[in-house]
Amino acid sequence: MRKIFLQRILIALLVSGILMPKAMAQDIVVPTVGRDVNFLGLTPPTPISVTGFTGEVAHVLNFDLTVMGFIEVAPDAAKYSLSGNNTGNVTGQLSFGKNVLLSKIYSGGTSRAQAHRLADEVVLKLTGLNGIAETKIAFKGNSRPGMGEIYIADFDGYNPQAVTRDNTDVAAPCWVPGRLAMYYTSYKLGYPNIFYQNLSTGERQNYAHYAGMNSSAAVSSDGRVAMVLSKTGNPDIFVCDASGKNLKQLTTTREASSPCWSPDGRWICFAAKVAGRRSLFKVPADGGEMVRIPTSGVANPSEPDWSPDGKWIALTAQMGDFSICVVPAGGGSATPLVNGEDPSWAPNSRTLIFVRRGSGGNRMLSLLDVPTKQVKDASRASGSSISNSQPSWAR
Amino acid sequence: MKLTKITNLLVLGSALTITAVGCKTHPQNPTPLPGVRNHIGDQSLIGQAPPINNGPPVDGGTASTTGIPPVYGGDYANWGHDAQTLARATVYFDFDKSAIKASEGSKLDDVANYLKGNPAVALQIEGNCDERGTEEYNRSLGERRALAAREHLVSLGVDPQHIVTITKGEDNPADPGHSEEAWKKNRRDEFIVLTPPKM
């Protein structure tokens, strides 16, 4: 009696397709994408097929997955497959062979937002790391030289919003880590000052208005501000609390530029010329001796940005053209990656946004996946804006 | 007998696969996304040129001077700007340099003489770069060029308090072209006479 009953259950399971005799324990997928990333060499992009989506959703998935280290291929060449549709809300299913790893349907938001969320969930499932498809950037948008506004946008350049309406010379926006606030340089009051702006309330403050130039604000995770001031007679690096107290001069190089913080808040890395030679240096944020960070193999390093995981410094090298390079945070051999300038790390410590000059010489923003070297141009803020530059990735 | 063995295998197989596949063949409840994310709390303030509150007071602190400390631009906020009178004194620089070339020295003599002969006016020196450096580097280089000309004028006897400096980086080209000819014209300090506001 019992045997027959058991057999009937098994047959029912077989017929319903849940039971798959061929799928044994060793076919269970353990995601390994991203664990053997070769940061300096070339990691092949992960092949994925993407089927069933149309229009803007298909475009967003392709863009996001390319930027995050995948390559869209035909189903027979794919390691993973993402299928779904967007006739109404976006639905998607991620599979590895016959194993379904993820099955989602979204509601609310725009189609773009749903597609970005799906891309991020695919990346999280396959790499164990958060994606960047829902992150934000800030940048400088000029309508002509010397006239522009500070913008924020989605990481891909879509949905740009001007956060100023001053029609003046602006520069160097920098997010406050973890907050909807930023610092930027503005000539609104006639001379280069650093403003602080709270994007939740709209409130803003003339934060640094010392004699001379106030520019290049960089913010630590606990809100201290590093900046370049020329109040002592030449541009050098200073640091200050968010409250404006405890201003401290950190360098006397007479020509330091582009400070950035180590993620642990202990160091400020910057570019300067010492003994006739342009290099990157770091100085303790509490004061002390500056230390050179070697970037062997490249010349004229500038505009450093320290990765959120603390391991890498991205920089611009100038040897004829500009090159985006990375160097280990302790210094060493610098590796050129792509033509461009002014890099900023994404929160994932693997994607960079940078500036390149399009045809006609106008600056535009572009995205690089460092391990696979895949590049996608961000959308340009349209309307009167003809030059997009100086990006800062919200982290 | 055979059927029992097959049955046992099937039971084993099913126990493994059902655990693995689980409920994931069917979509779970829909994942809601927020509506248009209102990242900016008060939309009405965006694009309205928010007013600027005074920031923290400038902190004197101890500082190591590396040149002649600049003058606060706000001290000359309401003064008139005359770009014509000293237009011919524009001083040019070599690529990536802020040093005043010997060949440009006579122009600075002219500027110094003009200022000494017109003690009521002040001077604004605007430092500029060609487009070839990176943006922040160029903003800094323009500042150094303006400060260098100011130091030179001070060495000729002009009061440093009467000279304001401002960097325009690469944002104020005299020639928007992308050639060596254009770049030469852009690496410059311009001298703007500041005239006192009428009482």
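**Figure 1. Where domain 1 and domain 2 of chain A meet.** In this predicted model, 16 residues of domain 1 of chain A are in contact with 16 residues of domain 2 of chain A. If you want to find the two parts along the chain, the domain assignment puts domain 1 at 37-134 and domain 2 at 136-393. Their centres, taken over C-alpha atoms, sit 31 Å apart. Which helix gives the largest share of the domain 1 side? That's helix α2 (residues 55-67) of chain A, which supplies 3 residues. Sort the domain 1 side of this contact by class and you get 10 nonpolar, 5 polar and 1 charged residues.

**Figure 2. Three strands of chain A joined by two hairpins.** Start with strand β10 (residues 181-186) of chain A, since it pairs with β9(A) and also with β11(A). With strand β9 (residues 170-175) of chain A, the pairing is antiparallel and runs over 4 bridges. With strand β11 (residues 193-198) of chain A, it's antiparallel again, this time over 6 bridges. T185(A) is a handy residue to look for: A171(A) has it as a bridge partner, and T185(A) itself is partnered with I194(A) in β11(A). Is β10(A) mostly covered or mostly open? Mostly covered, with 5 of its 6 residues buried.

**Figure 3. A glycine in each of the two hairpins.** Now follow the chain between those strands. The hairpin of β9(A) and β10(A) has 5 residues between the strands, and there G178(A) takes a positive phi near 75 degrees. In the hairpin of β10(A) and β11(A), 6 residues lie between the strands, and G190(A) has a positive phi near 105 degrees.

**Figure 4. An open, four-stranded sheet in chain A.** Here 4 strands line up in the order β17-β18-β19-β20 (chain A), with antiparallel pairing. At the edges you'll find β17 (257-261) and β20 (291-293) of chain A, each pairing on one side only. From one strand to the next, the twist averages 35 degrees. As a reminder, strands of a sheet pair through backbone hydrogen bonds, either parallel or antiparallel. Zoom in on β17(A) and strand β18 (residues 267-274) of chain A, and you can trace 3 bridges joining the antiparallel pair. One spot to check is W261(A), whose bridge partner in β18(A) is I268(A).

**Figure 5. Two helices crossing in chain B.** Packed helices are described by the angle between their axes and the distance between the axes. How do α2(B) and α3(B) cross? The axes of α2(B) and helix α3 (residues 135-155) of chain B come within 10 Å and cross at roughly 65 degrees. This crossing is right-handed. From α2(B), the contact uses L108(B), V111(B) and A112(B), and from α3(B) it uses A149(B), H152(B) and L153(B). Count these residues by class and you have 5 nonpolar, 1 polar and no charged.

**Figure 6. F93(B), a buried residue in a loop.** Look for F93(B) in the loop between β4 (91-92) and α2 (105-117) of chain B. Why does F93(B) count as buried? Because 26 other C-beta atoms lie within 10 Å, and the cut-off for buried is 20 or more. Leaving out residues up to four places away in sequence, F93(B) touches S98(B), R145(B), R187(B) and R188(B). For a sense of scale, try Q124(B): this residue is 31 residues from F93(B) along the chain, and their C-alpha atoms are separated by 18 Å.

Definitions and conventions: Residues numbered from 1 in each chain as written. Chains lettered and ligands numbered in written order. Predicted model: local features only at pLDDT ≥ 70, side-chain atom pairs only at ≥ 80, totals over all residues. Pairing = 2+ DSSP bridges. Axes fitted to C-alpha atoms, helices over the stretch in contact; angles between N-to-C directions. Buried ≥ 20, exposed ≤ 12 C-beta atoms within 10 Å, placed from the backbone. Contact = placed C-beta atoms within 7 Å. Domains from an automatic or database assignment. Nonpolar A, V, L, I, M, F, W, Y, C, P; charged D, E, K, R; others polar. Left-handed = near helix turned anticlockwise from the far one by under 90°.
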